[in-house]
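Me: I should like a close look at a single part of this structure. Please give one connected account of it.

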Amino acid sequence: MSEQQQNAAQQLQSLENEAWSRDAKLYSTPLINGFPWYTVEGQEEEVQELSPLPHYPARRHVVPYEYTFKVFVKGRWVGKDLLSVYKTELAHHSPAYYDQCLANGRLRCVKKQSRVDLSEDGKNAFDRHNLQRREMKRNTSILAESGPSMDDPVNPILCDGDTVLHTIHRHEVPVFIGETGADPIRLLRAPIRAYGILVVDKPTGLPTHPTGRYHYNSLTCMVEYCLAPKRIRRWLYDKDALLQSVVDTSALSEEEVRQLYDYYKGTSANEEEIDLENTLRPCYRLDKATSGVLLLGVSQAATSRISAALMKKTLQMEEMTRRCLEDSNDTERYNTLISTLLHSSSGVQKSYLVRVHGLLGAGAVPVGERTLCGESAVAPPLSLSSEESDAIFGKYNLATFTEKEVPNASQIGTGTVLLSAPIELTQSSKNQQGKVDTQAAVTVCQFLHQVTSDNTVQSVGICVPFTGRRNQIRLHLRDYGKPIEHDPLGVKSIPQKEEAALRKLFFHPANLPIGYREQVYTDEAQRFYRGDSTKEPICYECAGKLPEATLSGSEGTSAICLHAYEYRIDESVLLGSEKRARSEGEEGDPASGVTVVFTAPPPSWAVL
């Protein structure tokens, strides 16, 4: 860790400690009585020794908090007692743990509230459930019981419509965000009035939305935290340093700040969180390990409109791709259709920056030697001509990345390669013959510049996927023999035994903010969670029986050199309407309407 990075991490820790002693109410949430995050410098030595990933100066944790999982009784549970269901289906804790939870009221059942009322007009009102399904995940507070409950440690028989509540001491998985491990999310644009979206630069290592053991440590939750009515002014106008360390707004114009504030300042009667109807919804998803531009809808209507339009355009391009590859029995026709594909416009075009092992363009089939691609053959990487390359990449300003003189020009040709190997679906998606199904996919990659790292040749390039298959770019580059740097899909992992023994992060109370330890994680609380020789621990992480995170394989991958650089969208797609005429000075082809471009600044590994 450099001195500058160490100072930045320590300054952030100082702000986090101060937040628990001053303005704790400002930073609190319905689940945590203060600032949710805390920063830990460096990594454990055993993690650094074997990790194939970059070494991060810091990482960001969430303070442990009480969280109640709420689930409706499943059909297979009906008629069984509560303890037997949890002991058999959720066996990651011991039977004694669930006995302890039942005795302490941390595992309980809320019975269905069934009644038939007569309305004023004499008609029977149908049976009502005591919870609304749509609010199950949104309601983060401990459920207030509205129906009969089990106030004593009786093991109830579960019935259809009952709700089971399981309160845990939640330890979220720590995240290594961006290049320093504690980088903020960057809010790039806020065209709310025009398109109903926010444009963010997602850092690596951060899940797009809450999932599994990630809640506060997710992009949408972090942005929504800053948008809460009681914090939004301090965040946008006062530039509160701690809130800016979560989501940086320095790229916004004054008008965009005003639009954002006006939209969210009074949307909720609860000052703790934004209204359910205005929660942020990703228009598409970026993997946790991927960085770059991401569009978030500020309402369900905006997200549905844009997501549906993007999906329609993607399906159109995929259908065109499928026809191109199916018609590949004739070489000339194959070339013609591929050329048509490259010059066509679907209204949406994404581009990604990558850093790979080897030289992009090397080993591709030259233009004049394109071979047939039968159904049983794997399509070879094809080197594109300068004209075809310009049709795709001519619109991009690549001067920042491209070398004046391309090295190994004789080896990589134009440096533009088309990858059309089919993408295999998961092993669970087998057809009737027992074979794994595949999907047509096309990615075009352009060499930008060469990099020498640890005596190995690498190259930085830009990739445009013409289809939207899962992990498409990563799999295409792996099969091409140019795997992405730090990508576990293309690099052999460490043996499992060594990973299991040496790559775990355990909970250390000494790292917690001082104010949190004094106010929440007191000695009495620690004894309760850790248990003793006579009582099973209520929290396995606090007791040291389970790690907070196990950094192994793809689960430990916080960053790969794949960055969503640019999103080019016809304005009609964003508006869900007919194309309008282009105004003077606006970018785009007059025949195709206005093109809106959203760009995320390139990461340091991509720049010359």
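What covers the buried residues of α10?

Reply: The model is a predicted one, and the account below starts from helix α10. This helix spans residues 254-264, and its buried residues are Glu 256, Val 257, Gln 259, Leu 260, Tyr 261 and Tyr 264. The elements that cover them include the strands β6 (185-189) and β7 (197-202), together with the helices α6 (192-195), α7 and α8 (232-236).

Among the buried residues of α10 is Leu 260. Apart from neighbours within four places in sequence, Leu 260 is in contact with Leu 187, Ile 192, Leu 198, Leu 227, Ile 232, Trp 235, Leu 236 and Leu 252.

Leu 260 also has a place in the wider interior. The largest nonpolar core has 153 residues, and those that touch the most other members are Trp 235, Leu 260, Leu 477 and Phe 598. Helix α7 (residues 219-227) supplies the largest share of this core, 7 residues. Domain 1 (65-111 + 153-170) and domain 2 (306-365 + 377-425 + 436-488 + 558-577 + 591-606) each contribute at least three residues to this core.

A helix pair may be added to the picture. Helix α4 (residues 82-89) packs against helix α5 (residues 95-103) at an angle of about 145°, and their axes lie 9 Å apart. The crossing of α4 and α5 is right-handed. From α4, the contact is made by Leu 82, Leu 83, Tyr 86 and Lys 87, and from α5 by Pro 95, Tyr 98, Asp 99 and Leu 102. Classed by type, the contact of α4 with α5 comprises 6 nonpolar residues, 2 charged residues and no polar ones.

How values were computed
Residues numbered from 1 in each chain as written. Predicted model: local features only at pLDDT ≥ 70, side-chain atom pairs only at ≥ 80, totals over all residues. Heavy atoms only, no water. Core = buried A, V, L, I, M, F, W, Y, C linked by side-chain atoms within 4.5 Å. Buried < 20%, exposed > 50% of the residue type's maximum accessible area, 1.4 Å probe, protein only. Helix = DSSP H or I, 4+ residues; strand = E, 2+ residues; numbered from the N terminus. Domains from an automatic or database assignment. Contact = heavy atoms within 4.5 Å. Axes fitted to C-alpha atoms, helices over the stretch in contact; angles between N-to-C directions. Left-handed = near helix turned anticlockwise from the far one by under 90°. Nonpolar A, V, L, I, M, F, W, Y, C, P; charged D, E, K, R; others polar.
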